[in-house]
Each structure stands twice: as structure tokens, then as C-alpha cells.
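Okay, I've got one chain to show you today, and I'll keep it short. Have a look at it while I talk.

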Amino acid sequence: MNDISKQNIETLVKLQEAETEIVRLKVVLKKVEKKKGKLSARLKQFGNALEENKENLSSAISVCRDIEREIQMIDERIIKSNEKLRMVKTNKEYQLFLREVDDNKKRKDALETELLEFLDEKEKIQEIVLETEKEYHLLRDQIKAEQKEIEKKSIDDRELLDEYLARQNEIGQTLDVALMNRFEKISKMNNGSAVINVKNEVCMGCFMNVPPQLYIEVQRGNSLISCPQCSRILYYIDT
Ligand SMILES: [Zn+2]
């Protein structure tokens, strides 16, 4: 019985070593993912701004096209009015068509001024789009390189995590199922810490005093003793 308990404690300590590393590495890798996610979000935000600029450009283009089309229509109207003007019979008709031509010419002048303004605006937006596009590509390359670098650095940690997971699994198989369940339950309660040493009658997990009688039992190592405060399985190293 004593030997089994001592063996169990040794196994549990090894299991805890793996568990501690697993918890640590998972935190590290989670941070890596978060960092990568942040970079992606930054790129996406910039991409959205670029899209918005492109939309502004396409609406500016369509405004210019509409004005150009209207000018064309007015040109046709002027031609028609001029034709009618050549075939008039009365002075009244003549005055009417002349006025028609005049009105259309005035409208055309106004539209041409408007068009120049919009063409100017369009050109400005076009420059902004080109500039944003250039910046976007630079940022994209930079972020991709950064993410690759982060990923490269985390490869070792990922491999290490796999190793510890395998080790944990291996050790777990040598343990009694009930004991393994107990370990997992306590580990969950204490952020991955289920087995801890006691030093000078203090549990090194929760730093509370362990009652003297219990401390003696832990020192003997004949049975698995849990800390009354944090439930961690306690062990004693003779130093
Ligand atoms: Zn404790």
C-alpha cells in the first residue's frame, strides 16, 4: 500500500509537470493567435477604407458620365432647334426656336462648368485611391511577413505542447482512472495546478498553513493528502 501511494505521488508529480507546461504553452499560443488576429484586423480595417475610397471614385465617375450624357442630349436638342429655325415661316416661330437654342446653350454652359468641377473632384479621388492602394499593398506585405515571423517563432512551442500532451496521455494511462479523474477535477479548479508541494507546513499552491497532523501524513507519504483549503494533492520533498 505504501509503495503504491509513493509511486502514485511520483507519477502525479510528473503528470503535474506536464500539466503545468501544457497550461503555460496554451497561454503562450493563445497570445500568438491574438497577435495574429490583431494584425489581420488592422489590415481588414485598412482594406475597408480602401473599398470606401473605391466606391467614392465609382460614384464620382458615374456623376461625370451622367453630366456628359446630359450635355450630349442638349447638343442634339440644339441641332434640332437649329434645323427648325431654318424652316420657320413666321417671326413668332423664329423667336420661339431662337429662344429654345439660347436656353439650351445656357444650360449646356452651366453643365460644362459643373462637369469641370466634378472631373476635378474625380481626379482627386483617383489619386487618393491610388495612394491608399499602394499603402494597402505595403501594409499587407508587412503584416504577412510579421504573421509569418510570429508563426515561425511559435513552431517550437507547438511541438513542445504536442510532446507534453503525449506525455500527459502516457502518464495518465498508468494511473488509476479514479485518481486521474481526481487530478483533472482539481486541476480544473486551480488553473492547471492539481499537485503541489508543502514547505514548512505551508501549501505552496494556496499558501495556507497545513494542520500539523496533516503535514506529518504528507511527509510520510503513505496516502494521498489534499490541501484542506485548495484541494490540491500535497507532496513533500525532503531537502
Ligand atoms: Zn492549498
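Going from the N terminus, the elements run α-α-α-β-β-α-β-β. That's 4 helices and 4 strands in the chain. And just so we're clear, this is a predicted model.

Now, the overall shape. The radius of gyration comes out at 40 Å, and the globule rule for 239 residues gives 18 Å, so this chain is more spread out than a compact globule. If you box up the C-alpha atoms along the principal axes, you get roughly 130 × 30 × 30 Å. As for burial, 11% of the 239 residues count as buried. Here's a number for the contact-map people: take the contacts between residues at least 6 apart in sequence, and 71% of them join residues at least 24 apart.

Okay, the sheet. What's the strand order? It's 2-1-4-3, in an open sheet of 4 strands with mixed pairing. Strand 2, at 202–203, and strand 3, at 225–226, sit at the edges with a single partner strand each, so one side of each has no neighbour in the sheet.

Let's zoom in on one pairing. Strand 1, residues 195–199, runs antiparallel to strand 2, and 2 bridges join them. If you want to find that spot on screen, look for lysine 199, whose bridge partner in strand 2 is valine 202.

And what packs on this sheet? That would be helix 4, residues 212–220. Helix 4 touches strand 1, strand 3 and strand 4, the last of these being 233–236. The direction of helix 4 makes about 65° with that of strand 4.

That's my tour, thanks.

Terms used. Residues numbered from 1 in each chain as written. Predicted model: local features only at pLDDT ≥ 70, side-chain atom pairs only at ≥ 80, totals over all residues. Pairing = 2+ DSSP bridges. Helix = DSSP H or I, 4+ residues; strand = E, 2+ residues; numbered from the N terminus. Contact = placed C-beta atoms within 7 Å. Axes fitted to C-alpha atoms, helices over the stretch in contact; angles between N-to-C directions. Rg over C-alpha atoms; globule rule 2.2 N^0.38 Å. Buried ≥ 20, exposed ≤ 12 C-beta atoms within 10 Å, placed from the backbone.
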